Amino acid sequence: MRRQRRKQLARGVQAVFFWLWLTAASSFSATFYVSPVGNDSLGGGSRENPWRTPYYGCAHMSGGDTLILMDGVYSYASGGPRTWSNQIRPPSGLDAGHYTTVKAEHDWKAVIDFDGEGADVTGGDGAIAIWGGWAATSQYIQVEGLKIIHTFTALTASDCRHIKIKRIAHISSAGSGVDNNPYGEPFTIMRGSSHVLLEDSWTSGCI
């Protein structure tokens, strides 16, 4: 009888700790904003005072946070391979209940213009880059509602799991260099990846 009570008490304590952890994880998650008319140096990431570039916004997120891209065109501002200002490269989420999320405030009205970036698919340099790397795994990340133009690679995903890519519009165009590559791979899911959902997304273009 005592042993059974001990087991019940232990289960109760575990349940309380799990609830406290879940509550803490939820309370610490934050929502940030970027806008083409925002400012990385002076902005605070709020709707009223947003940052300017998606890469800067992603770099200031923690697991489980949400980054909202306000309407407008996000064109190249600074950076280089894997640090392009308009690249989406979010950190891992915490678990299945706490995804890191990057999304358009209104579907397809936040436009990532990757013209001139290069987008070396073998280097993980798509407009959306979920790239765990050789010794790490990116996980629990969701990206939704973006429109991506002027690149043949909208997404590169490697060494990742539990990824959700939803409602992404990708449009290539003639005369923009690499986006006319006949080996264009708009949604590329590579080695070491599992449980990657690509939903309600489309691509168009020409070579």
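Which residue in strand 2 is the bridge partner of Phe 32? In the predicted model analysed here, local features need pLDDT of at least 70 and side-chain atom pairs count only at pLDDT 80 or more, whereas totals for chains, interfaces and linings use all residues. Residues are numbered from 1 along each chain as its sequence is written, and side-chain values use heavy atoms, with hydrogens and water left out.

The bridge partner of Phe 32 in strand 2 is Leu 67. Helices (H or I, at least four residues) and strands (E, at least two) are DSSP runs numbered from the N terminus, and two strands pair if DSSP finds at least two bridges between them. Strand 1 and strand 2 run parallel and are joined by four bridges. Together with helix 2 (residues 54-59), these two strands make a right-handed β-α-β unit; right-handed denotes a clockwise path from the first strand over the helix to the second, with the strands pointing away from the viewer.

Strands 1 and 2 belong to an open sheet of six strands in the order 1-2-4-7-10-13, with parallel pairing. Strand 1 and strand 13 (194-199) each have a single partner strand, so one side of each is left without a neighbour in the sheet. Neighbouring strands of this sheet are turned against each other by 10 degrees on average, direction ignored; axes are lines fitted to C-alpha atoms, for helices over the stretch in contact, and angles run from 0 to 180 degrees between N-to-C directions. Within the sheet, six bridges pair strand 7 with strand 10 in the parallel sense, and Gln 139 stands opposite Arg 161 in strand 10.

A three-strand open sheet has the order 6-9-12, and its pairing is parallel. Its edge strands are strand 6 and strand 12 (187-189), each of which pairs on one side only. The twist from one strand to the next averages 5 degrees. Strand 9 pairs with strand 12 in the parallel sense over three bridges, and Ala 157 stands opposite Ile 189 in strand 12.

The largest nonpolar core (buried Ala, Val, Leu, Ile, Met, Phe, Trp, Tyr and Cys residues joined through side-chain atoms within 4.5 Å; buried means under 20% relative accessible area with a 1.4 Å probe, protein chains only) holds 33 residues, of which Leu 69, Ile 88 and Val 143 touch the most other members. Elements giving two or more residues to this core include strand 2 (66-69), strand 7 (138-144) and strand 10 (160-166). Beyond its neighbours within four places in sequence, Leu 69 is in contact with residues including Val 34, Ile 88, Val 102, Ile 112 and Leu 146, where contact means heavy atoms within 4.5 Å.

How values were computed:
Buried means under 20% relative accessible area, exposed over 50%, partly exposed in between (1.4 Å probe, protein chains only).
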